[in-house]
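Trainee: I am new to this structure and would like to understand how its descriptions are justified. Could we go through them one step at a time?

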Amino acid sequence: MINDSARKDPGRYSILEAFCPPLPYGRQSISDDDIEAVVEALKSDWLTTGPTVASFEKAVASFTGSAEAVAVSSGTAALHAAMFALGIEAGDEVIVPAMTFASTANAVVFQGGTPVFVDVDPDTLLIDPEKIEKKITAHTKAVIAVDYAGQPCNYDALQAVVKQHHIELVADACHSLGGSYRGMPVGSLSSLNVFSFHPVKNITTAEGGMITTDNPELASRMRLFRNHGISSDHREREAKGSWYYEMVDLGYNYRLTDIQCALGLSQIRKLSDWIARRQLLALRYDEAFELQDGISPLKVGPDVSHAYHLYVIRIDSDVLGICRNDIFYALRSHGIGVNVHYIPVHLHPYYRNRFKTGPGLCPAAEEAYGEILSLPLFPAMQSQDQDGVLECIHQIIGTS
Ligand SMILES: *Cc1c(COP(=O)(O)O)cnc(C)c1O
């Protein structure tokens, strides 16, 4: 990847040009057909609660091999709807991994429940099924598993744990749309599977989310929840020629618009190609780091097709003589948009204050937090850009 003559000449990259404009860690791909689809939706009769919402739901259900899909306004709303559908309430505990975006745990709190943080496997940063067992109490109602970076969790082990203890499993698959586990598509691996369509995710609707399920009762509870708890939507009432409706539960306005669903429908057609591109770029990173002491990509299990929302490396500062933070700032100063995913949720002030969490609770996640770095990875990223990132890393760690 990096040509050898360049490596032998230490002076060659001593003044690397910065990326201009900066290279982000993740970025949406929007093409003319996406724009046309959105314009069509704007010209149609329905800007929200219309037929394009149903079409996008159908497309996601079919892509993920699930019976039902419920579109909502964000991945966070999708997690909240999942907690509502399972009846999570005050006094209930829901097990969540420490290494995730805060909203995985926040959704439990929205419903009045208590998130119980479980540590991750240091090799993959996925929730450790064995550690889950030790945290289960009489109050435990569910586990939310996060397919960190796009790698599906060990769902066989997770299903065994939740079945044995008669609790529910939710997949936070916000990173892993387009991946699979033992040949089964992400979205079909759990009774509720949650997606986000934020621009950095595998497809986008600007903001947006979805829950897939094979359970029609859970699906109809979530349809109610996204529409104020009202048992019929505007289109259904129009069709019946009636004004009457009933609010039967407390819900929210978590609807996704037809404009956004038109974008999503156009995007999902390209998802398989984009995942293939992400996997190819990940493979190029893997090859570049294979013989590099002190830089370790996360491990990937044998049973998965990894969707590579993120490409995460761990930095061993003892070996490299330079720490993660210094590498982070050096790359940023070269216009390379590296990032850190994530600050363990139990270390955030809100959780420390409200749930008395703090350092020591999940040591593997805490140790990883000091060493992880997400490198740029998105479908439109060029191999030359990737080579530039690698050259810059080699210069920073003194191996160029
Ligand atoms: C992005 C993300 C969310 C939240 O999705 P939004 O659409 O931003 O609300 C939740 N969990 C994980 C793991 C995510 O990456």
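**Reasoning from values to terms**

Mentor: Let us begin with P21, which lies in the loop between α1 (4-8) and α2 (32-43); please keep in mind that this is a predicted model.

Trainee: What makes the peptide bond from C20 to P21 cis?

Mentor: The omega of the bond from C20 to P21 is near 0°, and the bond is accordingly described as cis. Most peptide bonds are trans. Another cis bond runs from H341 to Y342, with omega near 10°, and Y342 is found in the loop between α13 (324-333) and α14 (349-355).

Trainee: Why is Y342 said to make a polar contact with the ligand?

Mentor: A polar side-chain atom of Y342 lies 3.3 Å from an oxygen atom of the ligand, and because a polar contact is a pair of N or O atoms within 3.5 Å, the pair qualifies. By the same cut-off of 3.5 Å, H175 qualifies, with a polar side-chain atom 2.7 Å from an oxygen atom of the ligand, and so does S196, where the distance to a ligand oxygen atom is also 2.7 Å. Taken alone the ligand exposes 380 Å², and the protein buries 92% of that.

Trainee: Which residues come nearest to the ligand, and what kinds of residue make up the shell?

Mentor: Of the 16 residues around the ligand, G75, T76, H175, S196 and K201 come nearest. The shell divides into five nonpolar, nine polar and two charged residues. Helices α4 (75-85) and α5 (102-110) each supply at least two residues of this shell, and α4 gives the most, with three residues. As for its place in the protein, the ligand sits in the second largest pocket.

Trainee: How do you know that R226 and E57 form a salt bridge?

Mentor: Their side chains meet at 2.8 Å, N to O, and because the rule asks for a side-chain nitrogen of Lys or Arg within 4 Å of a carboxyl oxygen of Asp or Glu, this pair meets the condition. The pair links distant parts of the chain, with R226 in the loop between α8 (216-225) and α9 (234-240) and E57 in helix α3 (residues 51-64), 169 residues apart. By this rule the count comes to twelve salt bridges.

Trainee: What makes R182 worth a remark, and where is R182 found?

Mentor: Phi of R182 is near 45°, a positive value in a residue other than glycine, and R182 is found in the loop between β6 (180-181) and β7 (184-185). Most residues other than glycine have a negative phi.

Methods
Residues are numbered from 1 along each chain as its sequence is written. This is a predicted model: local features need pLDDT of at least 70, side-chain atom pairs count only at pLDDT 80 or more; totals for chains, interfaces and linings use all residues. Side-chain values use heavy atoms; hydrogens and water are left out. A residue is near a molecule or strand if one of its heavy atoms lies within 4 Å of it. A polar contact is a pair of N or O atoms within 3.5 Å; within protein, one must be able to donate a hydrogen and the other to accept it, and residues adjacent in sequence count only if both atoms are side-chain atoms. Accessible areas come from the Shrake-Rupley method with a 1.4 Å probe; for residues, only the protein chains shown count as cover. On a 1 Å grid over the protein atoms alone, a cavity is a set of points where a 1.4 Å probe fits but cannot get out, and a pocket is an open set with protein on both sides within 12 Å along at least five of seven lines; lining residues have an atom within 4 Å of a point. A molecule sits in a cavity or pocket if more than half of its atoms lie within 2 Å of its grid points. Helices (H or I, at least four residues) and strands (E, at least two) are DSSP runs, numbered from the N terminus. Ala, Val, Leu, Ile, Met, Phe, Trp, Tyr, Cys and Pro count as nonpolar, Asp, Glu, Lys and Arg as charged, and the others, Gly among them, as polar.
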